[in-house]
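Thanks for sending this one over. Here are my notes, as numbered points, to read with the structure open beside you.

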Amino acid sequence: MALSRNRRSERNIDYWPGFVDALSTLLLAIMFLLSVFVLAQFILSREISGQDEVLDRLNSQINELTQLLALERSSGQDFEDQIASLQASLASAEEDRSRLQQALDSGSGSAAIAGAQVGQLESALDDERALSQRARSQVELLNQQLSALRQQIAALESALEVSEVRDAESRTRIADLGRRLNVALAQRVQELSRYRSDFFGRLREILSDRDNIRIVGDRFVFQSEVLFPSGSDVLQPAGAEEMAKLASAIVELNREIPSDINWIIRVDGHTDNVPISGGRFEDNWELSTERAGAVVKYLISQGVPPERLAATGFGEFQPIEPGDSPDARDRNRRIEFKLTER
């Protein structure tokens, strides 16, 4: 008779909640991947904007240097024009000197005046030569400055090319990092799903003889009456026996899952919607939290690593069956175990 009841219970298992939970897990994984992609895009946009600012500053410096170069060229042209004018004056003075020298040689009787004029012309010629030399020095200085400006422009163009190359390399590295991260996350999700399936398979074998323990999606659900007396957070002997079986399965699972997969067993406490009156608990939320904590502490005492456990309490705010009927309240009073990624 007991075997017949178990078979009827197995035929009446509702798989729809499992499908919904699996779909929710897939959606969460996709949302996480999208969040990582958005973060990578945000980092890429920040780095690109920083490169654009550097390019803008370099372009501004090049424009300023170009303007300065044009100004220096204009000044150099002015000095060259002055030199040409001085050379023309010098040629005119030499012509005057030649004429005066001829007049002096012809004996026109004005030798003294011509000599004075020649002296004046020679003095003016010396002044013109000195001015021409200063102009040549200034032109040479301007040429040196132009050469230095050309070197600075070449250095800036070289720096700009290096910056553009680094920008392209950075974009390539970010894109490659995003692809690797997506592949790694997908592999971790697949590995954790496989270990979750193996873990649930073992629990089915260990706990298959209890009608008040069932599987809902990716969670094992224990009715509170299996583990705790009514209104209490102290494990009763039958509940401790069931938790010892669960602890052995978790310890074995911990040895098999690679250390680089960050997983936990989340213990969730739930109650019905009947308010607590009296006792040492203020409300159902506190009762559910204390029950989850009691289960976690017992599992730790049985050898389960504390870093692989988490206790949470939901009170009456996460029912799996709506309504106020006795059956609905019985189903909502439960302890759930879920293998998930931290």
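1. Leaving aside its neighbours within four places in sequence, which residues is L227 in contact with? Please bear in mind that this is a predicted model. The contacts of L227 beyond those neighbours are F222, V234, L235, Q236, G239, M243, V295 and I335. If you want a place to start turning the model around, I would pick this residue.

2. From there, look at the core. L227 is among the residues with the most contacts inside the largest nonpolar core, which has 26 residues; the others named with it are M243, W263, V295, L299, I335 and F337. At least two residues of this core come from each of strand 2 (219–223), helix 4 (224–227), helix 5 (237–256), strand 3 (263–270), helix 6 (284–301) and strand 5 (334–341). Another core lies apart from it, with 10 residues, including L69, L146, I153 and L160.

3. Now for the strands. Strand 5 is largely enclosed by the rest of the structure, because seven of its eight residues are buried. Strand 2 runs antiparallel to strand 5, and five bridges join the two. One of these places V221 with E336 of strand 5 as its bridge partner. Strand 3 also pairs with strand 5 in the antiparallel sense, over eight bridges, and here I264 stands opposite T340 of strand 5.

4. A few words on aromatic rings. Searching the whole structure turns up two aromatic pairs. In one, the ring centres of F222 and F337 are 5.3 Å apart and the planes meet at 75 degrees, so this pair is edge-to-face; the cut-off for that label is over 60 degrees. Because F222 lies in strand 2 and F337 in strand 5, the pair ties together parts that are 115 residues apart in sequence. Both F222 and F337 are buried.

5. The other pair is W285 with F317. Their ring centres are 5.0 Å apart and their planes are at 50 degrees, so the pair is tilted. This pair also links distant parts of the chain: W285 belongs to helix 6, while F317 sits in the loop between strand 4 (309–313) and helix 7 (326–332), 32 residues apart. Are these two rings buried, partly exposed or exposed? W285 has 45% relative accessibility and therefore counts as partly exposed. F317, at 47% relative accessibility, counts as partly exposed too.

6. Do take a look at R219, which is found in strand 2. With a relative accessible area of 14%, R219 is buried, because the cut-off for buried is under 20%. Which side chains does R219 join through polar contacts? One is D21, through a polar contact of 3.2 Å between the side chains. Another is E336, with a side-chain polar contact of 3.0 Å. You have met E336 already, as the bridge partner of V221.

7. One last spot, in helix 3 (residues 111–207), is A135. How far apart in space are A135 and F79, C-alpha to C-alpha? The distance is 6.3 Å, although the two residues are 56 apart in sequence. A135 is buried, with a relative accessible area of 5%.

Methods. Residues are numbered from 1 along each chain as its sequence is written. This is a predicted model: local features need pLDDT of at least 70, side-chain atom pairs count only at pLDDT 80 or more; totals for chains, interfaces and linings use all residues. Side-chain values use heavy atoms; hydrogens and water are left out. A nonpolar core is a set of buried Ala, Val, Leu, Ile, Met, Phe, Trp, Tyr and Cys residues joined through side-chain atoms within 4.5 Å. Buried means under 20% relative accessible area, exposed over 50%, partly exposed in between (1.4 Å probe, protein chains only). Helices (H or I, at least four residues) and strands (E, at least two) are DSSP runs, numbered from the N terminus. Contact means heavy atoms within 4.5 Å. Rings of Phe, Tyr and Trp (its six-membered ring) pair if their centres lie within 6.5 Å; planes under 30 degrees apart count as stacked, over 60 as edge-to-face and the rest as tilted. A polar contact is a pair of N or O atoms within 3.5 Å; within protein, one must be able to donate a hydrogen and the other to accept it, and residues adjacent in sequence count only if both atoms are side-chain atoms. Two strands pair if DSSP finds at least two bridges between them.
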